[in-house]
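Thanks for making the time this morning. I would like to walk you through one structure, going from the sheet outwards, and I will try to keep each statement to what the coordinates give us.

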Amino acid sequence: MIKKGFIFDLDGVIVDTAKYHYLAWKKLAQSIDVHFSEAENEQLKGVSRVKSLEKILEWGNKTIEEDTFMELMALKNNDYLGYINTMDESEILPDVQKVLQFLIEKEQGIALGSASKNARTILKKVDLFQHFEVIVDGNDVIKGKPNPEVFLSAAKALNIQPEQCIVFEDSVAGIQAANTANMISVGIGEPSVLHEADYVFPDFTKMDSEFLNEIINK
Ligand code: B16
Ligand code: MG
């Protein structure tokens, strides 16, 4: 049996936590008088917490002390965790379980490659933690996406060559990271946004077993 490495991003691929990031960042941005809408939130997809706050401050032309920066990050994360705490299996995006089950049956390597420091908590909340042989998240990497570190670390932990890995990603930065890592990049979302990906699907309901088999045997 050929064993490939399938690396899943979390937010936007397995669950839609972007809506919770949005609510938490919006509240924070308002508190410091910075405009924040869905358009800004879009630009924070796949971006680390530190980099996200840096961007918000930049958009609002604000400079703050290091201590305040740390306080704001903690406030945002507390708010975000409040939303996460309400999550259960019903928030798993359509057909994610079907694809995972298929890959488990085919004895493929399954990893998570996320920028989030809350990834393990979220996977446990939605009861998917046990399906991941390897988890690399925001606690384990120094350089965020588009740097390929997160995916290269996942491949290494799976003990599978990067060229034998497939990444499922919803962010532009994540697709760039997968491409730089020499992996097959599969965008989950809009083809016009994810045009750098090798393949794009609107969601997992449109990805059939034929496609997965083809990629395993490639
Ligand atoms: P946290 P992903 C990313 O998750 C999100 O897309 C991004 O919006 C967020 O800022 C980042 O995680 C950090 O999240 O504050 O929980 O550490 O798409 O890489 O799974
Ligand atoms: Mg994502």
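Before anything else, please keep in mind that this is a predicted model, and that the values I quote are computed from it.

Let me begin with the sheet. It is an open sheet of 6 strands, in the order β3-β2-β1-β4-β5-β6, and the pairing is parallel. At the edges stand β3, residues 134-136, and β6, each with a single partner strand, so one side of each has no neighbour in the sheet. From one strand to the next, the twist averages 20°.

Now to β4, residues 165-169, which pairs in the parallel sense with β5 over 4 bridges. Strand β1, residues 5-8, also pairs with β4 in the parallel sense, again over 4 bridges. If you want to find the register on your screens, F6 stands opposite I166 in β4, and I166 in turn has I184 as its bridge partner in β5. One step along, V167 has S185 as its bridge partner in β5, and F168 stands opposite V186 in that strand.

How well covered are the residues of β4? The strand is mostly covered, with 5 of its 5 residues buried, and this holds on both faces, since C165, V167 and E169 are buried on one side and I166 and F168 on the other. Turning to β5, 5 of its 5 residues are buried, so this strand is largely enclosed by the rest of the structure. Within β5, the side chains I184, V186 and I188 point one way, while S185 and G187 point the other way, and all of them are buried. Part of the surroundings of these two strands is helix α8, residues 172-180, which lies across β4 and β5 and runs at about 165° to β5.

Next, the metal site, which I expect many of you will want to look at. Which residues coordinate the magnesium ion, ligand 2? The donors are D9 and D170, each through OD, and D11 through O, at 2.0 to 2.1 Å. In sequence these donor residues are spaced D-x1-D-x158-D. As for their surroundings, D9 has a relative accessibility of 5% and therefore counts as buried, and D11, with a relative accessible area of 16%, is buried as well; the cut-off for that word is under 20%.

One of these donors, D170, also appears among the contacts of L194, so let me take that residue next. L194 sits in the loop between β5, residues 184-188, and β6, residues 199-201, and with a relative accessible area of 2% it is buried. Leaving aside neighbours within four places in sequence, the contacts of L194 are E169, D170, S171, V172, I175, G187, I188, G189 and V200. For a sense of distance, the C-alpha atoms of L194 and I14 are separated by 17 Å, and these two residues are 180 apart along the chain.

Let me move on to the aromatic residues, where the structure holds 9 aromatic pairs. One of them is formed by Y199 and F211, which meet edge-to-face, at 5.0 Å centre to centre and with 75° between the planes. Y199 lies in strand β6 and F211 in helix α9, residues 209-216, so this pair ties together parts that are 12 residues apart in sequence. The two partners differ in exposure, in that Y199, at 23% relative accessibility, counts as partly exposed, whereas F211, at 9%, counts as buried. Elsewhere, ring pairs link F6, F8, F132, F168 and F204 into a cluster, and two of these names, F6 and F168, you have already heard in the strand pairings, where F6 stands opposite I166 and F168 opposite V186.

Finally, helix α3, residues 49-59. Its buried residues are S52, L53, I56 and L57. Why do these residues line one face of the helix? Seen down the axis of α3, the buried residues fall within an arc of 135°, so they line one face. What do they pack against? Their packing partners are α1, residues 18-31, and α4, residues 66-84. After α3 comes N61, whose phi is positive, near 55°.

That is my tour, and I am happy to take questions.

Terms used: Residues numbered from 1 in each chain as written. Chains lettered and ligands numbered in written order. Predicted model: local features only at pLDDT ≥ 70, side-chain atom pairs only at ≥ 80, totals over all residues. Heavy atoms only, no water. Buried < 20%, exposed > 50% of the residue type's maximum accessible area, 1.4 Å probe, protein only. Arc of directions from axis to C-beta. Contact = heavy atoms within 4.5 Å. Donors = N, O, S within 2.8 Å, 3.2 Å for Na, K, Ca; no water. Pairing = 2+ DSSP bridges. Axes fitted to C-alpha atoms, helices over the stretch in contact; angles between N-to-C directions. Phe/Tyr/Trp six-rings, centres within 6.5 Å; stacked < 30°, edge-to-face > 60°.
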